[in-house]
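Q: Please give me a close look at a single part of this protein, and then explain how it fits into its surroundings. I am a first-year student and would welcome a connected account.

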Amino acid sequence: MAPDVRRAEIIDTTMRLIAEDGPHGLSLRSVARRCEMSAPGLMHHFPTLRDLLRAVVEERARIGREAIAEIVREAGDGLTLQMLADALIRFYYTDKAAETRNFDALEAESLAPGHPAHGIYPRSAIQPLPITRRLAERDFEDPDAALTMLSLLADALRSRWLRDLEPVDRWNEWVASRDHVFGTLERRHKHELPAPDTTSDTSHPDNLSPDR
């Protein structure tokens, strides 16, 4: 197997392990067993668990960027910041709720200084992508406040949902919170948004999308 193919297989296998079983007990050895290879063989591609988890976080970010690009393409010029946020909540917390919860658990564990993923994650789930900046500037009088409040809301709900031991109606909780937050912001008069450049907006590695 070519090195790049094997590397992709290891990343994909690790993501499936986390999605199915959560991050607890994850190790290079457990990933190697699932890949049907030796631990030293896996370490040829990822010398440490931190190296592997960094690659996993980057792959999750890439998947998030692709999701945003697809939302932008489907919505066209009618896209709003609220519509984009709604679509991402559905993508992660309705369609992939169990998987997302496991990855959120990994991120929470990474806050411990000794954790192999410590310092890998961005400070907030919501990053100021060019497309979100343009939507905020078009939709709201104070775009910085809109983006800050959206980021705080998303982080607060993710933390709340991670602590819920029983199933909850995440969508209705999001809608109620979203309506309250966006209702406090002064909106601009509607005008057309230039067609977004989805390549520059979503493919650059510095433009991390929600990677949950």
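A: The account below begins with the overall plan, turns to helix α2 and its surroundings, and then follows other contacts along the chain.

The model is a predicted one. The protein has ten helices and zero strands, and from the N terminus its elements run α-α-α-α-α-α-α-α-α-α. Of its 212 residues, 46% are buried. Among the contacts with a separation of 6 or more, 74% join residues that lie 24 or more positions apart.

Helix α2 comprises residues 28–35, and helix α1 comprises residues 3–21. The axes of these two helices come within 10 Å and cross at roughly 110°. Angles from 65 to 115 degrees count as roughly perpendicular, and α1 and α2 are therefore roughly perpendicular to each other. On the side of α2, the residues that meet α1 are Ser30, Val31, Arg34 and Cys35. On the side of α1, they are Arg6, Glu9, Ile10, Thr13, Thr14, Arg16, Leu17, Glu20 and Asp21. Sorted by class, this contact of α1 with α2 contains four nonpolar, three polar and six charged residues.

Which residues of α2 are buried? They are Leu28, Ser30, Val31, Ala32 and Cys35. Ser30, Val31 and Cys35 thus appear in the list of buried residues and also in the contact with α1. A general property of helices helps in reading such lists. An α-helix has 3.6 residues a turn, so residues three or four places apart point the same way. The cover over the buried residues of α2 includes α1, α3 (39–45) and α4. Just after α2, Glu36 takes a positive phi of about 60°.

Helix α4, one of the elements covering α2, consists of the 27 residues 49–75. At 1.5 Å a residue it should span 39 Å, and its end C-alpha atoms are 39 Å apart, which agrees. Gly76 follows α4 and has a positive phi, near 65°.

Residues numbered within the range of α4 also meet a loop residue. Ile120 lies in the loop between α6 (97–109) and α7. Leaving aside residues up to four places away in sequence, Ile120 touches Arg50, Leu53, Arg54 and Val57. Is Ile120 buried or exposed? Buried means under 20% relative accessible area; Ile120 has 13%, and is therefore buried. The C-alpha atom of Ile120 is separated by 8.0 Å from that of Ser110, ten residues away along the chain.

Beyond that loop, helix α7 (residues 130–139) and helix α8 (residues 143–163) have axes that come within 8 Å and cross at roughly 125°. These helices are therefore oblique to each other, and α7 passes α8 in a right-handed crossing. Thr132, Arg133, Ala136 and Glu137 of α7 make the contact with Pro143, Asp144 and Leu147 of α8. By class, the residues of this contact are three nonpolar, one polar and three charged.

A further pair consists of helix α5 (residues 81–94) and helix α9 (residues 170–183), whose axes are 11 Å apart and which pack at an angle of about 160°. That angle makes α5 roughly antiparallel to α9. The crossing of α5 and α9 is right-handed. The contact includes Leu81, Ala85, Ile89 and Tyr93 of α5, together with Trp171, Trp174 and Phe182 among the residues of α9. Its residues fall into seven nonpolar, two polar and five charged.

How values were computed:
Residues are numbered from 1 along each chain as its sequence is written. This is a predicted model: local features need pLDDT of at least 70, side-chain atom pairs count only at pLDDT 80 or more; totals for chains, interfaces and linings use all residues. Side-chain values use heavy atoms; hydrogens and water are left out. Axes are lines fitted to C-alpha atoms, for helices over the stretch in contact, and angles run from 0 to 180 degrees between N-to-C directions. Helices (H or I, at least four residues) and strands (E, at least two) are DSSP runs, numbered from the N terminus. Angles under 35 degrees count as roughly parallel, over 145 as roughly antiparallel, 65 to 115 as roughly perpendicular and the rest as oblique. A crossing is left-handed if the near helix is turned anticlockwise from the far one by less than a right angle, and right-handed if clockwise. Contact means heavy atoms within 4.5 Å. Ala, Val, Leu, Ile, Met, Phe, Trp, Tyr, Cys and Pro count as nonpolar, Asp, Glu, Lys and Arg as charged, and the others, Gly among them, as polar. The expected span of a helix is 1.5 Å times one less than its number of residues. Buried means under 20% relative accessible area, exposed over 50%, partly exposed in between (1.4 Å probe, protein chains only).
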